[in-house]
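The following exercises concern the fold, the packing and the internal voids of one protein. Each task is followed by a solution set out in steps.

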Amino acid sequence: MGTLILAVTSLLLYSIGTALQALSFRGRVHTNIAITTLIGMLALTAHGLLIAETVHREGGFDFGFFQSSVLISWLIVFLLLGLNLRKPVQSLFLGVYPIAALTIIMGLITHSSSRLVPQDSYGMLSHIALSVTAYSLFTLAAIQAALLYLQNRQLKHNYNSIMIRNLPPLQTMESLLFEMVWAGVVMLVLAIATGALFIDDIFAQDLAHKTVFSLLALIVFIALLIGRYVKGWRGITASRWTLAGCALLMLAFYGSKFVLELVFHQGG
């Protein structure tokens with residue numbers, strides 16, 4: 001199936017999913033988990049086939065800037081659909097679906113230098129898989145933190161707002177946030193460890209920026225978890241620390257790839 005057809009199909013399904021979630025959020029329509037999951041799975045399937053067309057190359061995998069973004073957004077949707085079966089996370093679709101659609105559009109209309117990883121480089125591929133999973137979990141955590149921040153503000157100024165009526169209770173939102181952060185920290189630690197094992201020089205010129213910012217992000221997240229259990233950090237404080245850590249992690253990944261591939265046009 002052609003790349004353009006798969007991209008258009010994915011965009012259409014993500015648009016339908018976003019529209020339904022927005023209407024449900026405003027109380028205009030009622031959606032259930034079955035409908036949400038069906039639309040999400042159809043979009044995920046088209047999105048996955050698109051990745052097979054754009055990321056997989058003869059003899060390896062292309063992890064260029066936009067190809068990686070399309071892959072990460074696919075995994076974010078995948079993780080969220082799984083969480084949605086047992087956790088009240090439907091509100092996150094309003095942020096995740098547009099992000100997925102945007103990465104697909106950017107992947108279609110732009111070009112970056114190829115970063116080809118041979119398919120028999122199992123150590124490097126395991127590092128990339130763990131890194132992508134960590135980035136995906138922390139993206140979900142960032143959206144959750146933003147919603148938690150807004151929820152706290154709304155509770156102080158407009159207790160009966162649309163957001164307050166639609167979001168789960170504050171305690172549930174906080175619990176979900178810290179579950180995401182814990183899972184992300186585990187994946188990030190494993191990603192850094194495999195990088196140290198399988199990358200010859202993890203502080204090489206083109207990896208130093210990524211390594212330093214990833215370690216700084218890890219320190220922020222660990223400090224957040226310690227603050228949670230020692231000082232009882234929650235609400236706006238937890239949201240700010242989460243967003244700060246996610247910002248550092250995004251600088252580690254997207255900042256380094258943007259400079260290397262789109263500014264200096266360095267391929268792999």
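Helices are DSSP runs of H or I with at least four residues, and they are numbered from the N terminus. The model examined here is predicted.

**Exercise 1. Describe the secondary structure and the overall burial of the protein.**

Step 1. The protein contains nine helices and three strands.

Step 2. Taken in sequence order, these elements give the pattern α-α-β-β-α-α-β-α-α-α-α-α.

Step 3. The protein has 268 residues, and 48% of them count as buried.

Step 4. The accessible surface amounts to about 13,000 Å², and carbon and sulfur atoms account for 68% of it.

Step 5. For contacts between residues at least 6 apart in sequence, 77% join residues at least 24 apart.

**Exercise 2. Identify the largest nonpolar core and the elements that build it.**

Step 1. In soluble globular proteins, nonpolar side chains tend to be buried together.

Step 2. In this model the largest nonpolar core has 64 residues, and those with the most contacts inside it are Y14, V77, L92, F138, L140 and V181.

Step 3. Two or more residues of this core come from each of α1 (3–25), α2 (33–54), α3 (65–84), α4 (93–109), α5 (122–157), α7 (170–198), α8 (208–230) and α9 (235–263).

Step 4. Helix α5 provides the largest share of the core, 13 residues.

Step 5. V77 serves as an example: beyond its neighbours within four places in sequence, V77 is in contact with Y14, L44, V96, Y97 and A100.

**Exercise 3. Classify A129, V132 and A141 as buried, partly exposed or exposed, and describe their surroundings.**

Step 1. A129 is placed in helix α5, V132 lies in helix α5, and A141 also has its place in helix α5.

Step 2. The cut-offs are under 20% relative accessible area for buried and over 50% for exposed, with partly exposed in between.

Step 3. A129 has a relative accessible area of 42% and is therefore partly exposed. Between A129 and A191, 62 residues apart in sequence, the C-alpha to C-alpha distance is 8.1 Å.

Step 4. V132 has a relative accessible area of 9%, so V132 is buried. When residues up to four places away in sequence are not counted, V132 touches L71, I72 and L75. The C-alpha atoms of V132 and M187 are separated by 9.0 Å, although these residues are 55 apart along the chain.

Step 5. A141 counts as buried because its relative accessibility is 0%. Leaving aside neighbours within four places in sequence, the contacts of A141 are with L177, M180, V181 and T242. A141 and W182 are 41 residues apart along the chain, and their C-alpha atoms are 9.9 Å apart.

**Exercise 4. Locate the second largest cavity and characterise its lining.**

Step 1. Rolling a probe the size of a water molecule over the atoms shows where empty space is left.

Step 2. A search of the whole structure yields two cavities of 30 Å³ or more.

Step 3. The second largest cavity has a volume of about 40 Å³.

Step 4. The residues lining the second largest cavity are G17, L20, Q21, T31, I35, T36, I39 and Y97. The elements that contribute two or more residues to this lining are α1 and α2.

Step 5. By residue class, the lining of the second largest cavity comprises four nonpolar and four polar residues, with no charged ones.

Definitions and conventions
Residues numbered from 1 in each chain as written. Predicted model: local features only at pLDDT ≥ 70, side-chain atom pairs only at ≥ 80, totals over all residues. Heavy atoms only, no water. Buried < 20%, exposed > 50% of the residue type's maximum accessible area, 1.4 Å probe, protein only. Contact = heavy atoms within 4.5 Å. Areas by Shrake-Rupley, 256 points an atom, 1.4 Å probe, with all protein chains shown as cover. Core = buried A, V, L, I, M, F, W, Y, C linked by side-chain atoms within 4.5 Å. 1 Å grid on protein atoms, 1.4 Å probe; cavity = no way out; pocket = protein on both sides within 12 Å on 5 of 7 lines; lining within 4 Å. Points joined across faces, edges and corners; volume = space filled by probe spheres on them. Nonpolar A, V, L, I, M, F, W, Y, C, P; charged D, E, K, R; others polar.
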